[in-house]
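Biologist: I should like to learn how to read salt bridges and helix crossings in a model. May we work through one together?

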Amino acid sequence: MLIRFLFALCAAFVLSVSLVMSPVAAQEQATETTDADIEVTDPTASVSVEPVARDEEIEARILEILRATGWFTGAQVNATDGIVFLDGLAKTDEHKTWARNLASNTQDVVAVVNRISVTQEVNWSFAPALKEIKTVTLRAATSLPLIIFAIVILPIAWWLSAAVAGLLRRWLLGGMESPLLRDIFSRLLALPIFLIGLYVVLQVAGLTQLAFSLLGGAGVLGIIVGFAFRDIAENFLASLLLSIRRPFRSGDFLDVGGMQGSVQSMNTRSTVLLSSEGNHIQIPNATIFKSTIINYSASPIRRETIEVGVGYEASIARAQEIVMNMLDAHEAVTKEPQPMVLVDSLGASTVNIKAYFWIDARNYSVLKVKSAILRQVKRVLTEEGISMPDDAREVIFPQGVPIVQLAGAAEENAKAIASREIKDSAAEGKVAEPSVSEAESNLTNEQEELEIATADAVTPDDEPDLLAEKS
């Protein structure tokens with residue numbers, strides 16, 4: 001508030017200086033008369049000589065007037081058939097023009113040839129500078145009441161405008177969730193108070209026309225600045241529209257133009273995402289507003305799929321039932337919508353089954369749940385004797401497949417079969433795999449753990465968060 005008050009005081013001082021320098025507020029004071037200060041005007045009426053003036057009389061009359069002024073050196077006037085030729089030296093262009101107009105308005109003059117030369121004299125006198133200093137001093141003294149009035153009124157108008165904006169922001173506009181919208185609307189509604197104070201100062205000073213000129217200049221300057229800072233203005237407008245539409249909230253997991261992360265904050269220029277790798281991603285608000293936004297957190301339920309290949313000799317219906325029972329019993333899989341286990345395609349060596357299931361992505365980690373389900377699908381299918389062969393490979397032997405029985409091969413085969421039977425019998429007594437393995441730790445969403453781990457990260461912007469909930 002103190003900074004705003006000092007800013008208003010400076011604005012009042014600048015306006016006061018403009019009042020001092022304005023020719024409207026100045027009063028003309030009587031000073032000493034010099035050649036440069038004499039007002040040069042054209043003759044207001046024709047100079048009469050005689051009803052029919054002769055050239056000699058015209059010459060004599062004009063020359064007499066030129067010498068009487070004292071402005072010309074070596075003045076000469078020649079008249080021939082009503083055409084007047086002027087020669088000599090003058091101190092200023094105004095005096096030269098005055099002599100021409102004098103001859104033109106003389107009786108019976110039909111044309112004027114002005115050959116008077118202007119000689120600029122070097123003036124080493126400080127009188128003009130002292131005169132200007134005196135004029136400025138008199139203007140300042142005359143405008144002193146206006147200066148005091150502006151210094152008093154403008155800060156008061158600024159303070160009242162800020163106070164009204166604060167009241168509107170707190171009481172009238174408190175229902176708005178976006179702090180940016182509250183701030184903008186409160187300032188717009190309170191702006192007329194400051195404009196009234198400014199108008200009163202300009203009206204008292206008689207500078208209403210100057211105010212319109214300043215407004216016109218400000219409009220042109222605004223257009224120039226708008227083109228120069230187009231990206232900044234575009235991002236600000238995008239942040240304003242995003243605050244109105246609110247397509248996401250703080251903490252939502254988004255996909256914007258291929259960049260994924262949870263929303264950390266949004267200011268008037270950009271939105272900060274926290275990626276799964278722990279990196280802060282700053283995306284301009286204009287880019288977000290014009291891009292396709294995938295909000296994974298808008299709905300807590302998220303569908304995932306897994307695919308498994310079952311051998312052709314196995315019962316597909318039995319395999320579907322086994323996988324379905326496993327999904328129904330899993331703690332992270334929702335009951336509504338129900339999971340589905342469908343045949344997807346017929347492969348080279350397997351029948352491909354695809355399982356569709358839904359999980360609560362806010363409470364459970366998608367990666368961990370998918371890993372646990374794949375592990376358990378493999379376990380239950382193996383326990384039920386459902387084969388899951390790899391892709392078929394074709395090997396061609398042009399000369400046929402030779403069969404060679406090595407010595408002792410029969411005994412080795414018998415031992416291998418016996419060893420396999422022992423292993424199978426031992427497998428029957430193994431403990432079943434748990435729903436959550438040590439590698440998966442737990443099935444909760446890892447995003448909260450990531451935010452806690454990166455809580456001490458330094459964010460590049462210190463601007464207020466536009467997504468912060470109202471207090």
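Biologist: With which residue does E383 form a salt bridge, and how far apart are the closest N and O atoms?

Modeller: Please bear in mind that this is a predicted model. A salt bridge requires a side-chain nitrogen of Lys or Arg within 4 Å of a carboxyl oxygen of Asp or Glu. Here E383 pairs with R379, and their closest N and O atoms are 3.4 Å apart. Because the two are four residues apart in helix 10, about one helical turn separates them. E383 counts as exposed at 52% relative accessibility, whereas R379 is buried at 16%. Elsewhere, R318, E321 and E384 are joined into one network by salt bridges that share partners.

Biologist: How many salt bridges does a search of the whole structure find?

Modeller: The search finds nine. One of them joins D87 to R115, with 3.0 Å between the closest N and O atoms. This pair links distant parts of the chain, since D87 lies in strand 2 and R115 in strand 3, 28 residues apart. D87 is buried at 19% relative accessibility, while R115 is partly exposed at 42%.

Biologist: At what angle do the axes of helix 9 and helix 10 cross?

Modeller: An angle is called oblique when it is neither roughly parallel, roughly antiparallel nor roughly perpendicular. The axes of helix 9 (residues 316–329) and helix 10 (residues 366–383) come within 10 Å and cross at roughly 135 degrees. Helix 9 is therefore oblique to helix 10, and the crossing is right-handed.

Methods
Residues are numbered from 1 along each chain as its sequence is written. This is a predicted model: local features need pLDDT of at least 70, side-chain atom pairs count only at pLDDT 80 or more; totals for chains, interfaces and linings use all residues. Side-chain values use heavy atoms; hydrogens and water are left out. Axes are lines fitted to C-alpha atoms, for helices over the stretch in contact, and angles run from 0 to 180 degrees between N-to-C directions. Angles under 35 degrees count as roughly parallel, over 145 as roughly antiparallel, 65 to 115 as roughly perpendicular and the rest as oblique. A crossing is left-handed if the near helix is turned anticlockwise from the far one by less than a right angle, and right-handed if clockwise. Buried means under 20% relative accessible area, exposed over 50%, partly exposed in between (1.4 Å probe, protein chains only).
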